[in-house]
Amino acid sequence: MAEAAGVPAESLAGCRARAARTVLDQVVLPGEELLLPDQEDGDGPGGAGERPLRLNAAARSRGRVVCGPGLRRCGDRLLVTKCGRLRHKEPGSGSGGGVYWVDSQQKRYVPVKGDHVIGIVTAKSGDIFKVDVGGSEPASLSYLAFEGATKRNRPNVQVGDLIYGQFVVANKDMEPEMVCIDSCGRANGMGVIGQDGLLFKVTLGLIRKLLAPDCEILQEVGKLYPLEIVFGMNGRIWVKAKTIQQTLILANILEACEHMTADQRKQIFSRLAES
Amino acid sequence: MDRFMQRGLDSETKKQLEEEEKKIISEEHWYLDLPELKEKESFIIEEQSFLLCEDLLYGRMSFRGFNPEVEKLMLQMNTKNKAEEVEEQTVELDVSDEEMARRYETLVGTIGKKFAKKRDRAIYEEDENGDIKPVKAKKMFLKPQD
């Protein structure tokens, strides 16, 4: 018994670290270690003798590698912390290395600096608003963090309003803080989201899928009828159309399109277009 | 030596006092008696944000003219992402650096002349080109030596 249990454990431990580029777009599990391209073992199969020379040259020209969400640094290697598919993006211009990250799915949002989110104002205490963003703590939003706000000219924000803003402080040690202006002091579409409409919650992966540059779903949705959508990276979507029925249809489509195939989606859209 | 109008300590005495303070401080400072650990420069940076990974569009959208301001914003923000890459390459200067340096050199003299008293205006002589060039030697009060 002990022997049988011991052997698999050894073999597992032996082949734990895989090269990152061999695992691209495949499922990785938490606990796996990944080797960066210029750390692969010289005595792998094929070309063992020549490898060390080539790797040294590559190592010097390698720039900084960015390890994104789902990965952590572990010595010289990457350690996977979320299960999902491993992705890689080549560096656009110069600053080398590229970005590795894990495309995972989750519903719980963790505040990240720079993310644009939709929040609900829950309290107004003194000079700051407490905004619920779906994280572990409500974020704080100062009343001066709106475009054109001064001590005398306060923004018109009430409890229960929807706010579209971005995080300036978001780490595990401090309460998250958000603002509704950018670094130049302009609003850029952030601030209180208007009247009416519907707010609903989806998974974080769906938001990223919908906000991808080549998203067909949004293009098709845009052809149906005039509408307005706001996407928050915390999994919240706000939609508004001319009638309540149209708004509800839109909300249902967006929620359902996560689990539909492209054909099913096209069927639904064509049915809608007819009616 | 006569010393009039002397406030505070002499510079020598000051130096001595500073050195004594430093000695006291360095003896009191605690330090670890370990060999210096050399941290390897790591090539890996950790980032928790998806903005670097994927090129995501701007979060507010409007279709078929429902909200014209948002539609304008959409165009602005989505082209800003692509325009940023192009702008890095071309930085055009209206005025070259050398010309700026020349202008500033003469500007200092012109403005200085404006605020100088009549007696001092003679210091600002005119160059051949008509540019104002301030001469450095100005008449200052010389302290009588003992």
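Let's start with Glu216(A): at 41% relative accessibility, this residue counts as partly exposed. One thing to keep in mind as we go: what you have in front of you is a predicted model.

So who does Glu216(A) meet? The side chain of Glu216(A) forms a salt bridge with that of Arg265(A), at 3.1 Å from N to O. Glu216(A) belongs to helix H4 (residues 216–222) of chain A and Arg265(A) to helix H6 (residues 262–274) of chain A, so this pair ties together parts that are 49 residues apart in sequence. Now, is Arg265(A) buried or exposed? Arg265(A) counts as buried, because its relative accessibility is 8%, and buried means under 20%.

Let's move to a pair on strands. Arg236(A) and Asp132(A) also bring their side chains together in a salt bridge, again given as 3.1 Å, N to O. You'll find Arg236(A) in strand E17 (residues 236–241) of chain A and Asp132(A) in strand E10 (residues 128–132) of chain A, so here the parts tied together are 104 residues apart in sequence. Arg236(A) is buried, with a relative accessible area of 8%, while Asp132(A) counts as partly exposed at 28%.

Next, please look at Glu32(A). Which residue does the side chain of Glu32(A) meet in a salt bridge? That would be Arg18(A), at 2.8 Å from N to O. Glu32(A) sits in the loop between strand E2 (27–28) and strand E3 (33–35) of chain A, and Arg18(A) sits in strand E1 (residues 18–19) of chain A, so the pair ties together parts that are 14 residues apart in sequence. With a relative accessible area of 7%, Glu32(A) is buried; Arg18(A), at 30%, is partly exposed.

How many salt bridges are there over all chains? The count comes to twelve. Some charged residues are linked in a network of salt bridges: Asp25(A), Arg87(A), Asp103(A) and Arg208(A), together with Glu54(B) from chain B.

Let me finish with chain B. On the surface there is a patch of negative charge, where Glu18(B), Glu19(B), Glu20(B) and Glu21(B) gather. If you want a place to begin looking, try Glu18(B), which is in helix H1 (residues 11–28) of chain B. Why does Glu18(B) count as partly exposed? Because its relative accessibility is 48%, and that class covers values between the 20% cut-off for buried and the 50% cut-off for exposed.

Conventions: Residues are numbered from 1 along each chain as its sequence is written. Chains are lettered from A and ligands numbered from 1 in the order in which they are written. This is a predicted model: local features need pLDDT of at least 70, side-chain atom pairs count only at pLDDT 80 or more; totals for chains, interfaces and linings use all residues. Side-chain values use heavy atoms; hydrogens and water are left out. Patches are made of residues with over 30% relative accessible area and no salt bridge: like charges are joined within 9 Å, nonpolar side chains (Val, Leu, Ile, Met, Phe, Trp, Tyr) within 5 Å. Accessible areas come from the Shrake-Rupley method with a 1.4 Å probe; for residues, only the protein chains shown count as cover. A salt bridge is a side-chain nitrogen of Lys or Arg within 4 Å of a carboxyl oxygen of Asp or Glu. Lys and Arg count as positive and Asp and Glu as negative; His and the chain ends are not counted. The place of a charge is taken as NZ of Lys, CZ of Arg, CG of Asp or CD of Glu. Helices (H or I, at least four residues) and strands (E, at least two) are DSSP runs, numbered from the N terminus. Buried means under 20% relative accessible area, exposed over 50%, partly exposed in between (1.4 Å probe, protein chains only).
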